[in-house]
Amino acid sequence: KQRRYIKQLKETYIATLKALAEATDSRDSYTQGHSERVAKYAVLIAKEMLLAERQIYYLEQAALLHDIGKIAVPDTVLHKTGSLNEEEWVIMKKHPEYSQRIVSNLNFLSETIPTILYHHKRFDHKGYPFGKLEGKIPVTAGILAVADAFDAMTSDRTYRAKLSSEQALEELEKGAGAQFDSEVVKAFKRIKSFREEVLR
């Protein structure tokens, strides 16, 4: 009974996070289902890289909530059809920090915070949040960065048409070692089940 209760509790917990992710994504018709897809890709990569079960568990949560900070981004910026100006980009690039602040109020999500905060931090330490990060970027943040970028590139957006899966993989390879962790990109390419399911 206790095992069944814990299993049900975990399922309810994940369902709640998915509902929050869906609420966040629904603010923009172009990002419907984005967070769940990113979580799926991130978990596949993490398993391919043989991350510990605990790391994978918190990575999935982080992926579901990585964009929750966008609820603090004004509609005029989030829904703009053209290119963002410099001031608007500054606002948009704050969303990982907004996400961090929201999640930091929930103690049971504390282990997701570094992954969420640094998922737009480039492997070469450029990107945002701004400034050089002391130490290495968490591997889970590197995984989330690749999963997030792949889904963004293979989805239609107001400012551009989507790329094919093959084109998106090529872009990831071009950015390997600079924008993206090259080991994460390699792992992503190795995933047989992913290639069968998505690359068609």
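This briefing describes the helices, the buried residues and some of the contacts of one protein chain. The model is predicted, and the protein chain in it has 11 helices and 0 strands. Read from the N terminus on, the elements follow the order α-α-α-α-α-α-α-α-α-α-α.

**The chain as a whole**

- The protein chain has 200 residues, and buried residues make up 44% of them.
- About 11200 Å² of the protein chain is exposed, and carbon and sulfur atoms supply 52% of that area.
- Among the contacts in the protein chain with a separation of 6 or more, 62% are accounted for by residues that lie 24 or more positions apart.

**Helix 2 and helix 10**

- Helix 2 covers residues 34-48 and helix 10 covers residues 182-190, and the axes of these two helices come within 9 Å and cross at roughly 100 degrees.
- Angles from 65 to 115 degrees count as roughly perpendicular, and helix 2 and helix 10 are therefore described as roughly perpendicular to each other.
- On the side of helix 2, the residues that take part in the contact are Tyr41, Ile45 and Glu48, and these meet Val184, Ala187, Phe188 and Arg190 in helix 10.
- Sorted by character, the residues of this contact between helix 2 and helix 10 comprise 5 nonpolar, no polar and 2 charged.

**Helix 3**

- Helix 3 runs over residues 53-65, and its 13 residues should span 18 Å at 1.5 Å a residue, which agrees with the 19 Å that separates its end C-alpha atoms.
- Several residues of helix 3 are buried, including Ile56, Tyr58, Leu59 and Gln61, and Ala62, Ala63, Leu64 and Leu65 in helix 3 are also buried.

**Helix 8**

- Helix 8, made up of residues 139-153, has 15 residues and reaches 21 Å from its first C-alpha to its last, which is close to the 21 Å expected at 1.5 Å a residue.
- Helix 8 is largely enclosed by the rest of the structure, because 14 of its 15 residues are buried.

**Glu88 in helix 5**

- Glu88 is found in helix 5, which covers residues 86-92.
- A residue is called buried when its relative accessible area is under 20%, so Glu88, at 15% relative accessibility, counts as buried.
- When its neighbours within four places in sequence are left aside, Glu88 is in contact with Val77, Lys80 and Ser83.

How values were computed:
Residues numbered from 1 in each chain as written. Predicted model: local features only at pLDDT ≥ 70, side-chain atom pairs only at ≥ 80, totals over all residues. Heavy atoms only, no water. Axes fitted to C-alpha atoms, helices over the stretch in contact; angles between N-to-C directions. Helix = DSSP H or I, 4+ residues; strand = E, 2+ residues; numbered from the N terminus. Parallel < 35°, antiparallel > 145°, perpendicular 65-115°, else oblique. Contact = heavy atoms within 4.5 Å. Nonpolar A, V, L, I, M, F, W, Y, C, P; charged D, E, K, R; others polar. Buried < 20%, exposed > 50% of the residue type's maximum accessible area, 1.4 Å probe, protein only. Areas by Shrake-Rupley, 256 points an atom, 1.4 Å probe, with all protein chains shown as cover. Expected span 1.5 Å × (residues − 1).
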